[in-house]
Amino acid sequence: MKRRSLPVAAALAATAALLLTACGGEDDKSSDNDKIAGAEQGAETPKESAAPSAAPAEDKPDGVDVSLPEDMDLVFDWDKPKDKNEAEAMDDAANFLRAIYRGVDKRTTKDAAVTAYATGEGLHYAKTQIDAWIEGGWTATGTLRHYDATTRSAPNGKSVEVAFCADSGKFYGREIKTKKILKTNPSIEDFDYYKIVMVKSPTGEGLWQASKVFVETKAAKCQ
């Protein structure tokens with residue numbers, strides 16, 4: 001494993017109020033019948049909407065671009081669930097993360113992808129993440145891997161929790177002005193565990209938006 005970038009940790013620290021610190025071990029894994037945090041909340045109307053797709057921008061009929069520069073690679077090493085809603089929610093959870101790092105690359109929180117794939121607290125989370133990178137004078141480079149994903153639906157069928165691990169050991173911050181790549185020694189800080197509550201958009205058929213984001217940092221279960 002190579003080394004973790006400082007900005008990744010800084011961006012997560014900037015959203016400390018949104019973080020979920022879970023206990024380690026198997027007990028923190030919720031069953032399918034458990035209540036999904038935030039599932040009772042409906043989606044807010046986004047500023048722009050998009051059809052869900054993990055495809056490149058040129059394949060998206062609505063024109064919402066989630067493409068990233070060649071040196072910024074978000075890998076989603078997971079299998080889609082059989083349930084249609086859960087599969088769509090998983091796809092758009094990936095698009096939500098792509099939208100964040102597209103905002104980092106474009107140096108703006110107002111990119112159409114951000115407002116398409118996020119709502120409510122999820123939108124606040126995305127903007128806080130992007131702002132942390134902008135204020136630090138950083139962009140990102142390298143590979144950010146996401147894996148061990150699970151999904152579970154709320155009884156009303158309007159929200160899906162997408163949970164997964166992330167390994168930023170090969171994902172680095174790079175100073176905009178100097179182009180210097182920022183690295184530190186590999187550690188438990190390379191691993192985070194996410195739970196993203198995806199809700200159906202009321203204005204986009206098949207579109208799911210991130211409404212809440214919980215992150216367990218230094219997640220030993222993801223090593």
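So, the surface: the chain exposes about 10,700 Å², and carbon and sulfur atoms supply 47% of that area. Please keep in mind that what we have here is a predicted model. Of the 223 residues in the chain, buried ones make up 49%.

On to the fold. You can count 4 helices and 6 strands, and along the sequence they run α-β-α-α-α-β-β-β-β-β. If you take the contacts with a separation of 6 or more, 75% of them are between residues 24 or more positions apart.

Let's go inside. As a general point, nonpolar side chains in soluble globular proteins tend to be buried together. In our chain, the largest nonpolar core has 43 residues. Which elements give two or more residues to this core? They are strand S1, helices H2, H3 (112-117) and H4, and strands S2 (138-153), S3, S5 (191-200) and S6 (208-217). Helix H2 brings the largest share, with 10 residues. There is also a second, separate core of 7 residues, and Ala163, Cys165, Ala219 and Cys222 are among them.

Back in the largest core, the residues with the most contacts inside it are Phe96 and Tyr101. Let me stay with tyrosine 101 for a moment. What does tyrosine 101 touch, if we leave aside neighbours within four places in sequence? The list is Leu68, Met72, Leu74, Trp133, Ala140, Leu144 and Phe171.

That brings me to the aromatic rings. The count comes to 7 aromatic pairs, and I'd like to show you two. The first one I picked joins tryptophan 78 and phenylalanine 164, edge-to-face, at 5.3 Å centre to centre with 65° between the planes. These two are 86 residues apart: tryptophan 78 is in the loop between strand S1 (72-77) and helix H2 (84-106), while phenylalanine 164 belongs to strand S3 (residues 159-175). Buried or exposed, tryptophan 78 and phenylalanine 164? Both are buried.

My other pick takes us back to tyrosine 101, which pairs with tryptophan 133, again edge-to-face, at 6.0 Å centre to centre and 80° between the planes. Tyrosine 101 sits in helix H2 and tryptophan 133 in helix H4 (residues 120-136), so this pair ties together parts that lie 32 residues apart in sequence. Tyrosine 101 and tryptophan 133 are buried too.

If you'd like to see rings linked further, look at Phe76, Trp78, Phe164 and Tyr194, which ring pairs join into a cluster.

Rings also meet charges in this model. The charged end of arginine 145 sits over the ring of tyrosine 147, 4.2 Å from the ring centre. Likewise, lysine 183 places its charged end over the ring of tyrosine 172, at 5.0 Å from the centre.

One last stop, and it's alanine 166, in strand S3. Why does alanine 166 count as buried? Because its relative accessibility is 4%, and the cut-off for buried is under 20%. What surrounds alanine 166, not counting residues up to four places away in sequence? It touches Arg145, His146, Tyr147, Asp190, Phe191, Asp192 and Tyr194. We have already met several of those names: Arg145 and Tyr147 form the charge-over-ring arrangement, and Tyr194 belongs to the ring cluster. Finally, alanine 166 and valine 75 are 91 residues apart in sequence, with 9.5 Å between them in space, C-alpha to C-alpha.

Thanks, everyone, and I'm happy to turn the model around on screen.

Note on methods. Residues are numbered from 1 along each chain as its sequence is written. This is a predicted model: local features need pLDDT of at least 70, side-chain atom pairs count only at pLDDT 80 or more; totals for chains, interfaces and linings use all residues. Side-chain values use heavy atoms; hydrogens and water are left out. Rings of Phe, Tyr and Trp (its six-membered ring) pair if their centres lie within 6.5 Å; planes under 30 degrees apart count as stacked, over 60 as edge-to-face and the rest as tilted. Buried means under 20% relative accessible area, exposed over 50%, partly exposed in between (1.4 Å probe, protein chains only). A charge sits over a ring if NZ of Lys or CZ of Arg is within 6 Å of the ring centre and within 35 degrees of the ring normal. A nonpolar core is a set of buried Ala, Val, Leu, Ile, Met, Phe, Trp, Tyr and Cys residues joined through side-chain atoms within 4.5 Å. Contact means heavy atoms within 4.5 Å. Accessible areas come from the Shrake-Rupley method with a 1.4 Å probe; for residues, only the protein chains shown count as cover.
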